[in-house]
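Welcome, and thank you for taking a look at this one. The report below walks through the structure piece by piece, so keep the view open as you read.

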Amino acid sequence: MTDERDDHPFTRDERLRKEERLLRRPEFTATQRRGGRHVMPALVVYAAHAEQPWTRIGLTVSRKVGGSVVRNVVKRRLREAFRRNKRDLPLGFDLVVIARVGAGDADYETLERELLEACCNARKRARLPKRGE
RNA sequence: GAGAUCCGCGAGACGAUCGCCGGCAGCCUUCGGGUUGCGGGAGGGAAAGUCCGGGCUCCACAGGGCAGGAUGGUCGCUAACGGCGACCGGGGGCGACCCCAGGGAAAGUGCCACAGAGACAAACCGCCUCGCCAGCUCCCUCGGGAGCCCGAGGUAAGGCUGAAAAGGUGAGGUAAGAGCUCACCGGGCCCUUUGGUGACAUCGGGCCGUCAAGGUAAACCCCAUCCGGAGCAAGAUCGAACAGGGGUGGUCUCCCUCGGGAGGCCGCGGGUGGCCCGCCCGUUAUGCCCCGGGUAUGAUCGCUUGAGCCUGCUGGCAACGGCAGGCCUAGAGGAAUGAUCGUCCACGCCAGAACCCGGCUUAACGCGGGUCUCGGAA
RNA sequence: UCGGGGAUCGUCUAAUGGCAGGACGACGGGUUCUGGCUCCGUUAAUCUAGGUUCGACUCCUAGUCCCCGAA
């Protein structure tokens with residue numbers, strides 16, 4: 001995963017397209033079922049090998065986190081953190097980030113740090129993309 | 001200065017960079033989109049809760065009956081309202097001011113625990129009259145008398161209870177009493193004067209002591225007024241995919257080219273979105289109903305110009321209305337606002353549009369002003 | 001978006017508008033050598049704020065939270 005890292009246009013820039021996001025329910029459930037997990041104080045991250053060569057992210061922020069303002073801010077900060085750090089994250093994964101209750105009180109710096117750490121740890125526990133089950 | 005009360009205002013500002021969602025224009029395109037430029041993009045007092053009312057869209061729209069729901073002083077405002085304004089009446093507060101589901105209790109029904117004699121109709125203790133066989137007590141001039149008890153009755157003044165007990169004070173009256181009678185106060189009904197659109201206020205008079213007499217209608221209920229149903233996942237257009245199976249009755253009349261056609265009745269299905277009657281539609285079919293199967297989490301429209309916002313003038317006590325000019329101000333579809341930096345105010349509450357408005361209620365920071373009360377100083 | 005239901009001791013549940021009751025639990029005590037079973041006693045609640053009423057878990061209004069249903 002070293003040669004084609006900078007080749008794919010989605011990874012080279014710091015934009016965030018819809019193709020880089022998980023949007024549908026089956027995508028979330030599949031990632032959570034197959035992927036490795038890592039828990040942080042404010043986040044839970046699932047990482048699973050994907051079928052596409054780039055990395056996608058999906059966010060889950062439930063009502064337990066807070067009101068709509070708090071939930072929107074958490075989602076925006078997590079998207080921002082993913083966008084800014086795409087270059088340093090492993091390629092070809094689907095990520096599901098679930099905000100825990102403490103995410104509403106965390107600032108951007110905390111969320112960014114936890115996201116990066118959790119992604120790396122969760123990736124190590126991800127199964128290989130074989131035809132399992 | 002403190003406390004109270006009412007009203008109003010604001011919702012961090014400016015700039016830069018990287019991203020995100022729409023719009024317009026140019027270019028490229030494999031028609032999916034890409035790219036460049038310009039411009040817009042979280043408002044708000046609550047976007048909230050979804051408690052009311054409307055617009056809009058679709059369905060329904062002979063009629064009748066019974067339900068059901070909502071509202072409840074008057075007049076006005078409004079598209080409408082259960083909202084708002086002004087006023088009336090009642091209540092609270094020293095006051096500024098605040099609160100009130102504020103029609104009907106002689107249409108009927110129900111309930112009023114405990115306590116208390118008694119909860120709306122009686123009479124427990126009382127008070128009083130009469131009677132007095134027997135019994136008890138006392139007095140005695142030894143004949144009898146008085147009282148208690150008992151019996152028959154009259155009372156509702158007093159008593160206790162309670163949230164609530166047939167208006168209050170005084171006098172007369174009586175065996176004792178009572179609006180039983182009278183005076184005053186209070187109350188009810190009717191007529192009347194004046195003011196007001198009206199609720200109502202007010203002047204004068206008459207009648208009523210049967211002043212017939214509690215509360216509760218956010219108990220049932222009665223009266224008056226209003227209410228068709230659903231909701232933008234409404235709804236419209238275009239498209240993709242799949243697999244089909246079953247059911248669609250009876251009878252009568254007429255016409256007839258004997259294939260069929262027209263009509264009536266029963267039945268069945270659907271509509272009338274609470275129910276019933278009734279009515280309407282279908283039952284001749286490329287339709288309808290049932291079972292099963294398939295699907296794009298599809299595209300476009302609806303989707304933001306609207307009871308719109310600002311300014312000025314103007315009518316009205318006000319809510320609100322009229323006229324003129326100016327402005328265009330988010331429109332997504334897993335759903336766009338974040339991160340970083342600089343300067344300043346001296347640190348920012350509640351909180352995020354999803355068809356759109358008018359209200360109500362709830363959440364909550366800061367600032368200003370009016371008024372009232374108390375205290376102090378001059 | 002629309003509709004329905006609910007909230008009572010720590011838990012599960014009762015209660016015409018009139019003293020909030022029961023079970024389990026907890027605590028204390030008795031019984032037992034100890035524990036359990038068992039017996040006795042105690043503890044402890046009407047989601048919040050107003051209103052109607054003499055009186056509200058109950059009726060009305062507003063709010064908070066939870067559950068269920070339909071498209």
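Let us begin with a pair of charged side chains: Arg-84 and Glu-80 meet in a salt bridge, with N and O 3.5 Å apart. Because Arg-84 and Glu-80 are four residues apart in helix α3, about one helical turn separates them. In general, an α-helix has 3.6 residues a turn, so residues three or four places apart point the same way. Please bear in mind that this is a predicted model.

**A small network on α3**

Glu-80 has another partner as well. It forms a salt bridge with Arg-83, where the closest N and O atoms are 2.8 Å apart. Glu-80 and Arg-83 are both in helix α3, three residues apart, again about one turn of the helix. Through shared partners, the salt bridges join Glu-80, Arg-83 and Arg-84 into one network.

How exposed are the members of this network? Glu-80 is partly exposed, with a relative accessible area of 26%. Arg-83 is also partly exposed, at 23%, and Arg-84 is partly exposed with 44%.

**A salt bridge between distant parts of the chain**

The search of the whole structure finds four salt bridges, and the table lists three of them, with the N to O distance for each.

| Salt bridge | N to O distance |
|---|---|
| Arg-84 and Glu-80 | 3.5 Å |
| Glu-80 and Arg-83 | 2.8 Å |
| Lys-86 and Glu-20 | 2.8 Å |

Where do Lys-86 and Glu-20 sit in the chain? Lys-86 is in the loop between α3 and β4, while Glu-20 is in the loop between α1 (9-12) and α2 (25-34), so this pair links distant parts of the chain, 66 residues apart. Both Lys-86 and Glu-20 are buried. Glu-20 counts as buried because its relative accessibility is 1%, and buried means under 20%. The side chains of Glu-20 and Lys-86 are also listed as a polar contact of 2.8 Å.

**The layout of chain A**

With those pairs in mind, here is the chain as a whole. The secondary structure of chain A comes to four helices and four strands. From the N terminus on, these elements run α-α-β-β-β-α-β-α. Chain A has 133 residues, and 41% of them count as buried. Among its contacts between residues at least 6 apart in sequence, 82% join residues at least 24 apart.

**Inside the protein**

The largest nonpolar core has 26 residues, and those touching the most other members are Leu-43, Val-97 and Leu-115. At least two residues of this core come from each of β2 (43-49), β3 (56-60), α3 (68-84), β4 (93-99) and α4 (108-124). Helix α4 gives the most, with five residues.

Which residues does Leu-115 touch, leaving aside its neighbours within four places in sequence? Leu-115 is in contact with Leu-43, Val-45, Leu-78, Ala-81, Phe-82 and Val-97.

There is also a second, separate core of five residues, and Phe-28, Val-44, Tyr-46 and Val-96 are among them. Phe-28 appears again when we look at α2, where the buried residues are Phe-28, Ala-30 and Thr-31. The elements that cover the buried residues of α2 include β2, β3 and β4.

**Meeting the RNA**

Now let us turn to RNA strand B. There are 18 residues around this strand, and Arg-21, Ser-68, Arg-76, Arg-77 and Arg-83 come nearest. By class, the surface near RNA strand B has 11 charged, five nonpolar and two polar residues. Which element gives the most to this surface? Helix α3 does, with nine residues.

What part of the RNA faces the protein? Of the atoms of RNA strand B within 4 Å of the protein, 81% belong to sugar or phosphate, and the rest belong to bases.

Two arginines from the salt-bridge network return here. An N or O atom in the side chain of Arg-83 is 3.0 Å from a sugar or linking oxygen of RNA strand B. For Arg-84, a side-chain N or O atom is 3.3 Å from a sugar or linking oxygen of the strand. The backbone takes part too: a polar backbone atom of Val-69 is 3.4 Å from a phosphate oxygen of RNA strand B.

Conventions
Residues numbered from 1 in each chain as written. Chains lettered and ligands numbered in written order. Predicted model: local features only at pLDDT ≥ 70, side-chain atom pairs only at ≥ 80, totals over all residues. Heavy atoms only, no water. Core = buried A, V, L, I, M, F, W, Y, C linked by side-chain atoms within 4.5 Å. Buried < 20%, exposed > 50% of the residue type's maximum accessible area, 1.4 Å probe, protein only. Contact = heavy atoms within 4.5 Å. Polar contact = N/O pair within 3.5 Å; in protein donor to acceptor, adjacent residues only side chain to side chain. Near = heavy atom within 4 Å. Nonpolar A, V, L, I, M, F, W, Y, C, P; charged D, E, K, R; others polar.
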